[in-house]
Amino acid sequence: MKKIWPDGIKCGVAFTFDLDAETFWFSRTMDSKHSVNLMAEGSYGPNVALPRILDMLDRQDLKSTFFIPGWVIERHTEACREIVKRGHEIGYHGYLHEKSYFIEQENELIIKSKKIMKDLLGVEPKGHRAPEADLNKETIELIAKNGFEYSSNMMDRDCPYLHKTGDGEYLPELPFNWLYDDSSHFFFTVQEPSRRPIMPTSIVKEIWLEEFEGIYEEGGSLTFVLHPWICGRVSRVKMLEEIIEHIKKKPGVLMGPAYEICRKAKEGLIK
Ligand SMILES: [Zn+2]
């Protein structure tokens, strides 16, 4: 892998959280909003899992990124304000966690959600992650036009890279993969078709640390995509904390919010 990092950095690691809450179920089917149980399961994210995760991040003195749909900010405003208060980054993640079939619709959702973030949280999002990482052909251009600093949507590389946009500027991409997504390993529902066995944390920890060691050697980046209602259970927060402690022992790892990793990578890539 080509060396991309400046300042002696060996690799980048971002623990990012998609706080989908109830909207996770809307993107599967809108009928789910009539299910008291599914809505309750979604609300576990901001109400129970999030405080546990924020305390763990504080213990580790680690800043992170939370991609949050606008609807979740409106419904769980205090929980989202707490994220900002603890010094974490807030990123864009749709309004209702919806797929946009048309670029005009996508543009409206960005404008609407950015206004919610500004009005309720006082923040301007730097990062864009589409719900389900589902993009239109014109989305990258749209991300740049709407003033985002980076995109975290693609699965085509193991390190940050730059999209060249129409105005001749460069937009960093922070890629990830389903392998680093907690839902791939832990998501379970009694609804068809996604009934899967739940993986033990020991196996997932082993897979993720093995990936980290390889990415560290190659000089890439590792972006974890975590959903508080899934990874915020007691055993899984413990697993995340052990992984963070392991990574901290390696010299030269830039671990922090996604925007910091993108800024450093851009610096190295443009040199
Ligand atoms: Zn999501």
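Start by selecting Lys-10: with a relative accessible area of 33%, Lys-10 is partly exposed. Keep in mind as you click around that this is a predicted model. Lys-10 belongs to the segment before β1. Show what touches this lysine, skipping neighbours within four places in sequence, and you get Trp-5, Tyr-216, Glu-217, Gly-219, Gly-220, Pro-251 and Gly-252. For a sense of scale, put a C-alpha to C-alpha distance on Lys-10 and Ile-103: the two are 93 residues apart in sequence and 37 Å apart in space.

**Back a few residues: Asp-7**

Asp-7 also sits in the segment before β1. Is Asp-7 buried or exposed? Its relative accessible area is 56%, so Asp-7 counts as exposed, the cut-off for that being over 50%. Check the backbone too: phi of Asp-7 is near 55°, a positive value in a residue other than glycine. For context, most residues other than glycine have a negative phi.

**Over to Ala-21**

Now pick Ala-21, in the loop between β1 and α1. Phi is positive here as well, near 50°, and again the residue is not glycine. Ala-21 has 1% relative accessibility, so it counts as buried.

**The zinc ion**

Stay in that loop and bring up the metal. Which atoms coordinate the zinc ion? Asp-20 supplies two OD atoms, and His-93 and His-97 each supply NE2, at 2.0 to 2.5 Å. Along the sequence, the donor residues follow the spacing D-x72-H-x3-H. Two of these donors tie distant parts of the chain together: Asp-20 is in the loop between β1 (11-18) and α1 (23-26), while His-97 is in the loop between β3 (89-92) and α5 (103-121), 77 residues apart. Asp-20 and His-97 are both buried.

Turn on angle labels next. The angles among the four donor atoms run from 52 to 132°, and the site is irregular. Why not tetrahedral? That label requires all angles to lie between 85 and 135 degrees, so a site reaching down to 52° misses it.

**His-76**

Select His-76, found in the loop between α3 (70-75) and α4 (77-85). At a relative accessible area of 10%, His-76 is buried. Leave out neighbours within four places in sequence, and its contacts are Ala-21, Glu-22, Pro-46 and Asn-47. You have already visited Ala-21, a resident of the loop between β1 and α1. Now try a C-alpha to C-alpha distance from His-76 to Pro-46: the answer is 7.0 Å, for a pair 30 residues apart in sequence.

**The strands: β1, β2 and β3**

Switch to cartoon and find β2, residues 65-68. How do its side chains point? Thr-65 and Phe-67 go one way, Phe-66 and Ile-68 go the other, and all of them are buried. β1 and β2 run parallel, joined by three bridges. To see one pairing, select Phe-66 in β2, whose bridge partner is Phe-17. β2 also pairs with β3, in the parallel sense over four bridges. On that side, look at Phe-67, which stands opposite Gly-91 in β3.

**Helix α11**

Move on to α11, residues 258-270. This helix has 13 residues and reaches 18 Å from its first C-alpha to its last, close to the 18 Å expected at 1.5 Å a residue. Colour its buried residues: Ala-258, Tyr-259, Ile-261, Cys-262, Ala-265 and Gly-268. Several of those sit three or four places apart; in an α-helix, residues with that spacing point the same way. What covers the buried residues of α11? The cover includes β1, β2, β3, β5, β7 (170-173) and β9 (253-255), so the strands you just looked at are among them.

**Helix α10**

α10 spans residues 234-248, 15 in number, and reaches 21 Å end to end by C-alpha, close to the expected 21 Å. Its buried residues are Arg-236, Val-237, Met-239, Leu-240, Glu-241, Ile-243, Ile-244 and Ile-247. Note the charged names in that list, Arg-236 and Glu-241.

**Last stop: Asn-146**

Finish in the loop between α6 (139-145) and β5 (150-151), where you will find Asn-146. Its relative accessibility is 14%, so Asn-146 counts as buried, under the 20% cut-off. Select Asn-107 as well: a polar contact of 3.1 Å joins the two side chains. Beyond its neighbours within four places in sequence, Asn-146 is in contact with Asn-107, Ile-110, Ile-111 and Lys-114.

Note on methods: Residues are numbered from 1 along each chain as its sequence is written. This is a predicted model: local features need pLDDT of at least 70, side-chain atom pairs count only at pLDDT 80 or more; totals for chains, interfaces and linings use all residues. Side-chain values use heavy atoms; hydrogens and water are left out. Donors are N, O and S atoms within 2.8 Å of the metal (3.2 Å for Na, K and Ca); water is not among the atoms, so sites may look incomplete. Four donors count as tetrahedral if all angles lie between 85 and 135 degrees; four count as square planar and six as octahedral if opposite donors are over 155 degrees apart and all others between 65 and 115; anything else is irregular. Helices (H or I, at least four residues) and strands (E, at least two) are DSSP runs, numbered from the N terminus. Buried means under 20% relative accessible area, exposed over 50%, partly exposed in between (1.4 Å probe, protein chains only). A polar contact is a pair of N or O atoms within 3.5 Å; within protein, one must be able to donate a hydrogen and the other to accept it, and residues adjacent in sequence count only if both atoms are side-chain atoms. Contact means heavy atoms within 4.5 Å. Two strands pair if DSSP finds at least two bridges between them. The expected span of a helix is 1.5 Å times one less than its number of residues.
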